[in-house]
Amino acid sequence: MRLLIHEKAWRRVEALMPAGVEALTVNDAGEILLAGQALDADTAQPDIVWANADAFFSPGVRTFMTAALKSSALKWVQSGAAGFDNPVFGQFIQKGARLTTSHGQAVGMADYVLWGVLDALQDGAGRRSAQAAGQWERRPFREIEGSRWTIFGFGAIGRGVAVRARAFGAHITAIRRNPALDPAADLMAKQGDLPELMAETDVLVLAAPLTPETRHVANAGLFERMKPGSIFVNVGRGPLVDEAALLAALDRGVPERAVLDVFETEPLPAESRFWNHPRVTLTPHSSGISAGNAGRNDTLFLENLRRYLAGEALENQASAADVLAG
């Protein structure tokens, strides 16, 4: 059984690999090697693909993906991403392969959300400006205690945010397709409830996947209902937000601050107003790049590989219908 894997990931997991798995390693130069011998993308023919960040952000990613998509033997792709809106995942499904996703980045992303909100509540930008100017200023700040958070998307990322925010004393309303009660939330709601929740929401966090139903869920109508002083955070996908509507809302002053890690166009164009907007904190789709991410994702891949070889159900298998819906 052949496994397509980036050489950096292979070095981390090689000692834990079960017998019977041959490694097709791809390096940053775009070379495919099997037991030291070079293969081309047509003859690689992997059965399994471990498509993690090492592969996605490698200069050799084109070779990696070409070898995966050209394989007539492909049965299963383990992704290192939480979402599946990238068109390549639909192509894997159309080939008949199973797709499983990862949530190792959820820990770092949840930490990121708390950082962004705390920085906004405590006027981090103003503090840094005063320090740079050598000004001894005592600046009052807002607390998380008693604030009300609405988290749209309550998978591993959203739930991680909730656990952290509740530890600070926040009230959590969770929105997800499954309405069952969750111990990490004070209240469960559905997507249709989102506009009505805005009047009492101090922090709105988007942590949902992109689907036809969630595209532009944060639109002009939603922003018009937001509470003065509220904070808007998007760590899900850029197209969850109508960006023109968000900019117009920020210009009006509500929400008071936006913390944005994802955008409709990435990399963010140099001419985008988000770069210099005084109410925006932005990062380059990097909220999940934390120290423990690779190790957690490797652990999940190895567990799913064990399950795959044993004929057991895989963890985090994506619905083919959801993936193909875009």
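**Exercise 1. Register of two parallel strands**

T150 stands opposite T173 in β9. Task: state which strand pairs with β9, how many bridges join the two, and in what sense they run.

Solution.
- Step 1. The model is a predicted one. Strand β8 covers residues 148-152, and β9 covers residues 171-175.
- Step 2. Five bridges join β8 to β9.
- Step 3. The two strands run parallel.

**Exercise 2. The sheet around β8**

Task: give the order of the strands in the sheet that holds β8, and find its edges.

Solution.
- Step 1. Seven strands form this open sheet, in the order β10-β9-β8-β11-β12-β13-β14, with parallel pairing.
- Step 2. The edge strands are β10 (187-189) and β14, each of which pairs on one side only.
- Step 3. From one strand to the next, the twist averages 15°.
- Step 4. Within this order, β11 and β12 run parallel and are joined by four bridges. One residue pair in this register is V203, opposite I231 in β12.

**Exercise 3. The faces of β12**

Task: decide whether the two faces of β12 are covered or open.

Solution.
- Step 1. On one side of β12 are I231 and V233, and both are buried.
- Step 2. On the other side are F232 and N234, which are buried as well.
- Step 3. Both faces of β12 are therefore covered, with buried meaning under 20% relative accessible area.
- Step 4. A helix that lies across β12 is α6, which runs at about 155° to this strand. The same helix lies across β8, β11, β13 and β14.

**Exercise 4. Helix α6**

Task: compare the span of α6 with the expected value, and say how much of the helix is buried.

Solution.
- Step 1. Helix α6 (residues 106-121) has 16 residues.
- Step 2. From its first C-alpha to its last, α6 reaches 22 Å, close to the 22 Å expected at 1.5 Å a residue.
- Step 3. The helix is mostly covered, with 12 of its 16 residues buried. Among them are M109, Y112, V113, L114 and V117. D119 is also on the buried list.
- Step 4. After α6 comes D123, whose phi is positive, near 50°.

**Exercise 5. A second sheet**

Task: describe the sheet that contains β4, its edges and its pairing.

Solution.
- Step 1. Seven strands form an open sheet in the order β4-β3-β2-β1-β5-β6-β7, and the pairing is mixed.
- Step 2. β4 (37-39) and β7 (98-100) each have a single partner strand, so one side of each has no neighbour in the sheet.
- Step 3. Neighbouring strands here are turned by 25° against each other on average, direction ignored.
- Step 4. Strand β3 (residues 32-34) pairs with β4 in the antiparallel sense over three bridges. The bridge partner of I32 in β4 is L39.
- Step 5. Helix α12 (residues 293-310) lies across β1 (2-6), β5 (48-51), β6 (76-79) and β7, at about 160° to β6.

**Exercise 6. Aromatic pairs**

Task: classify the ring pairs F89-F92 and F263-F274.

Solution.
- Step 1. The structure holds eight aromatic pairs.
- Step 2. The ring centres of F89 and F92 are 6.5 Å apart and the planes stand at 50°, so this pair is tilted. The two residues are three apart in helix α5 (residues 87-94), which means that about one helical turn separates them. F89 and F92 are both buried.
- Step 3. For F263 and F274 the centres are 5.6 Å apart and the planes stand at 55°, so this pair is tilted. F263 and F274 both lie in the loop between β13 (257-260) and β14 (280-282), so the pair ties together parts that are 11 residues apart in sequence. Both of these residues are buried.
- Step 4. Ring pairs also link W50, W76, F301 and Y308 into a cluster.

**Exercise 7. A325 and confidence**

Task: place A325, and state where the confidence of the model is lowest and highest.

Solution.
- Step 1. A325 is found in the segment after α13. Its relative accessibility is 44%, so A325 counts as partly exposed.
- Step 2. A325 and T211 are 114 residues apart in sequence, but 7.0 Å apart in space from C-alpha to C-alpha.
- Step 3. Confidence is lowest in helix α13 (residues 320-324), at a mean pLDDT of 92, and highest in strand β11 (residues 203-206), at 99.
- Step 4. The protein averages a pLDDT of 97, and 100% of the residues score at least 70.

How values were computed
Residues numbered from 1 in each chain as written. Predicted model: local features only at pLDDT ≥ 70, side-chain atom pairs only at ≥ 80, totals over all residues. Heavy atoms only, no water. Phe/Tyr/Trp six-rings, centres within 6.5 Å; stacked < 30°, edge-to-face > 60°. Buried < 20%, exposed > 50% of the residue type's maximum accessible area, 1.4 Å probe, protein only. Expected span 1.5 Å × (residues − 1). pLDDT = per-residue confidence, 0-100. Pairing = 2+ DSSP bridges. Axes fitted to C-alpha atoms, helices over the stretch in contact; angles between N-to-C directions. Contact = heavy atoms within 4.5 Å.
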